[in-house]
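Hi,

Here's the structure I promised to send over. Have a look at it first, and then read on for what turned up.

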Protein chains: 2
Amino acid sequence: MVDEKKNATIYDVAAAVGVSLATVSRVVNGSDNVRPATRDKVLAAIKDLGYRPNAVARGLASKKTTTVGVVMPDMTNLFYSELTRGIDDVANMYQYDVLLTNTDDDPKRALTAVKNLADKQIDGLIFMGSQLSDEVLSAIQATGVPVVLAGSVDHGRVLPSVNIDYQKAFFEVSQHFLKKGQERLALVLGSKDRAIDVDYRRAGYEEALQTSGQILDESLIFTGARSYQDGQEMAAGVIAAKASAVVAYDDEVALGVLNGLQDRGVNVPEEVEIVSANNTTFTLVARPELSSIDQPKYDIGAVAMRMLTKLMDHENLSEKQVLLPYTMVKRNSTK
Amino acid sequence: MVDEKKNATIYDVAAAVGVSLATVSRVVNGSDNVRPATRDKVLAAIKDLGYRPNAVARGLASKKTTTVGVVMPDMTNLFYSELTRGIDDVANMYQYDVLLTNTDDDPKRALTAVKNLADKQIDGLIFMGSQLSDEVLSAIQATGVPVVLAGSVDHGRVLPSVNIDYQKAFFEVSQHFLKKGQERLALVLGSKDRAIDVDYRRAGYEEALQTSGQILDESLIFTGARSYQDGQEMAAGVIAAKASAVVAYDDEVALGVLNGLQDRGVNVPEEVEIVSANNTTFTLVARPELSSIDQPKYDIGAVAMRMLTKLMDHENLSEKQVLLPYTMVKRNSTK
DNA sequence: TTGAAAGCGCTAACAC
DNA sequence: GTGTTAGCGCTTTCAA
C-alpha cells in the first residue's frame, strides 16, 4: 500500500512506526545499532510514506552536503567537457552531486564562483583553467575545503593536481620534428604568460631546440589563439613565418591552422606538418586527420575526482602531483 | 581593519553590533525596515568579520535553495553543451547555481537524477534529452518544482518547452531538395521511436514527400546513429540505398556520413548532397563545409532558463511552448 | 524600527 | 537497541 503523502518528514516516519527520530535516522544512515525487526518496520514505513531525506536539512545538521563544486573555463570546449565528464561520472559513483560553473577562464569570474560555491557549503572543489590567480588561490584556500586541479597547474604547485607531463610531451613532439630536420618549427599556445603555457609547453619546446642546437626564433611562437577561427587566421602568420611544421596546444585551433593553410593553397603534410595536443573528435574529422598527443582527458577528470573523494574522507594522497601517461597518435597531418 | 575570523555566523555579526539576529538578517536580505544608521553598522561588521551567509541554513529556513537542477544527455555533445551554456549564463544572471547531471539519454539515469535533485531541494529543473519517459515525467511532476524542457518535447506536450519548429525545418529542407528534383532523399535520425524524431523530424520529411507526390521508401530512412563513427559507417548504407541527398539530425553524424562518403570515393555535393541540423563548429571544419539548419542553441537554453525563473517567481508564462526562429545556412555540401 | 522565539528537517552526542 | 535533547545557521511571524 503506497500511500505517499507528499513530503513526509522523518517525524512522520517515526510517528507511523512508533519509534523516535533517532531510530529512523539510524536506519536511514545504515547504522547497525538497530534491531532487525525495528529496521524492517521503519523501512516499510519509509516506503509506504515515500519518505526521502531532505538533503538540505541533512547538510545543515551534519555539515556535509555531498556536493562538490566544479569550476571550469567553458563547457562548450571539448577538452574541458571531457574532463568534466570524467569528474561527473566518478562523483556520481561516490554519491556526490556537482555544482558546475563556467568562468571563461576569467579570474574575476573564477573568484566569484569559488566564493559562491563556498557559500553553498560544498565538500570539495575541482578547479580547471589555464590560469589560477593568486587571488583565486587564496579564496580557494580560505574555503577550507579540499581542492584538486584538473588539467591545470599553479605556479607554486601547492595544490594537488592531475595532468600529463606537458613539458615532456612538448619536448618529445618538438624533438621528433627537429630530428627529422625541420628547421622552422612553430609553436602555437593559448597565452604567453600562463603557467601551463610558459612553464610547461613552451619549456618543452625550448628544451628540444637547445638539445638539437637550434636558436629560439620568437617569430615562430604564436599565442592568443582560442578558437577554430583564430587558428584559421593564424595560418597566414604561419605562412609568413615560413614555418615548416607546427605544434599546437588545442585541437580546434590546430584544425583552424590546418584548414587555413589548405585554403591558402599550402599542402599538409607535404609543405607544412601539424601536430595537435588534445586528440578530441576534431582530430578525426580533419582532412588530413591530425596527428596528436593523446591526453587521457576523461581519466584526468576521473582521477582528480577520485583524489578529491579521498581528501574529503581525510585519507592521505600517495602522490599530490599526478602525471598520467600520454601517447602520440600518428595520423596524416605529419609525414 | 579586516579582521576576518573564519566562518562568522549571523550571531557573531549581531553580537558585534549589539543588535538581534533579525536585524542582521534584514540588512542581509535588503529589507527596508532598518534604520540607515543601524544598517551601516551592521554592514560594517559584516565586512569586518568577513561574514557570508550559509546558503544551506538559509535554504532550510526559507525553503529556497537558489539552485536549479539541469538534466542533460551528455556534456561532451556540442549541441547540449551549448544549450547548457545558455542555461548557465542566465542562471548566473539571476543568481542561481546549477546542479548538473549527465544521463546519456538513459531514462533510468534520468529518473535517478530527478529524484536525487529533488532531494537536494532544487527550486526548478531544466530537462534535456531526446526522450522523456512516463516514469521520468511523473517523477518530475512529483517533485512539485517548476520545469522547462530545452531542445526536447514530451509526447503529450504538458510541460513548458523551448525548441525550434523541427517539423517545419525538416519539411523545408526536404522540400528544397525534392523541388530541385532529388528523387532519393535520405533521412538520418537518432532513433526510430522518440517524439522528437518521429513526431517532428520524420513528420516534416514525410510531409515534404507527400507534397511533392513521392512515395516513402523506408530504405532511405536511417536511424540509430549517435556519433561521428556511426555516421562514417552509415555512409556505406547511404551508398547502398543509392541516396542522392541526405538530411541528418546531428552535426557529428552528418560529418561522419560526409567523410565516410568521400573516403569511399563519392563526391559531395556533386553525387550526394548533405544538410545537417545543428550548425555547431563541426559544420565549419568539414571539407566541404556542411550546409545546415541553424538552431539558436545558446538561446534555446537561455530562454528556457529565463522561463524557469519566471515560473519560480510564480509569474505566468505568456507562452508555454516556445518555438524560436531558425535559419538555413548554405555552404558547400549542397549545390 | 527592532527583538524574541519558534521553527526548517535532520544529525549526533549522551543517556537509559 | 532506543529515546532525549541539543543544536546546525538562518528566516519569519508576532509583539513591542
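Of the atoms of DNA strand C within 4 Å of the protein, what percentage belongs to sugar or phosphate? It comes to 67%, with the rest belonging to bases. Before you go further, bear in mind that this is a predicted model.

Staying with strand C: the protein puts 27 residues around DNA strand C, and the closest are I10(A), Y51(A), T23(B), R26(B) and T38(B). T23(B) also turns up in a polar contact, with a polar side-chain atom 2.6 Å from a phosphate oxygen of DNA strand C. From chain A, S25(A) has a side-chain N or O atom 2.7 Å from a phosphate oxygen of that strand, and for R58(A) the corresponding side-chain distance to a phosphate oxygen of DNA strand C is 3.4 Å.

As for which elements are involved, α1 (10-17), α2 and α4 of chain A, plus α2 and α4 of chain B, each supply at least two residues of the surface near DNA strand C. The top contributor there is α4(A), with four residues. Sorted by class, the surface near DNA strand C has twelve nonpolar, ten polar and five charged residues.

Now for strand D. There are 27 residues around DNA strand D, and T23(A), R26(A), T38(A), I10(B) and Y51(B) come nearest. Of the atoms of DNA strand D within 4 Å of the protein, sugar or phosphate accounts for 66%, and bases make up the rest.

A few polar contacts to pull up in your viewer:

- S20(A) uses its backbone: an N or O atom there lies 2.9 Å from a phosphate oxygen of DNA strand D.
- K63(A) has a side-chain N or O atom 2.9 Å from a sugar or linking oxygen of DNA strand D.
- N29(B) places a side-chain N or O atom 3.1 Å from a phosphate oxygen of DNA strand D.

The elements giving two or more residues to the surface near DNA strand D are α2 (21-28) and α4 (55-62) of chain A, along with α1 (10-17), α2 (21-28) and α4 (55-62) of chain B. Which element gives the largest share of that surface near DNA strand D? That's α4(B), with five residues. In terms of class, the residues near DNA strand D split into 13 nonpolar, ten polar and four charged.

Cheers

Notes. Residues are numbered from 1 along each chain as its sequence is written. Chains are lettered from A and ligands numbered from 1 in the order in which they are written. This is a predicted model: local features need pLDDT of at least 70, side-chain atom pairs count only at pLDDT 80 or more; totals for chains, interfaces and linings use all residues. Side-chain values use heavy atoms; hydrogens and water are left out. A residue is near a molecule or strand if one of its heavy atoms lies within 4 Å of it. A polar contact is a pair of N or O atoms within 3.5 Å; within protein, one must be able to donate a hydrogen and the other to accept it, and residues adjacent in sequence count only if both atoms are side-chain atoms. Ala, Val, Leu, Ile, Met, Phe, Trp, Tyr, Cys and Pro count as nonpolar, Asp, Glu, Lys and Arg as charged, and the others, Gly among them, as polar.
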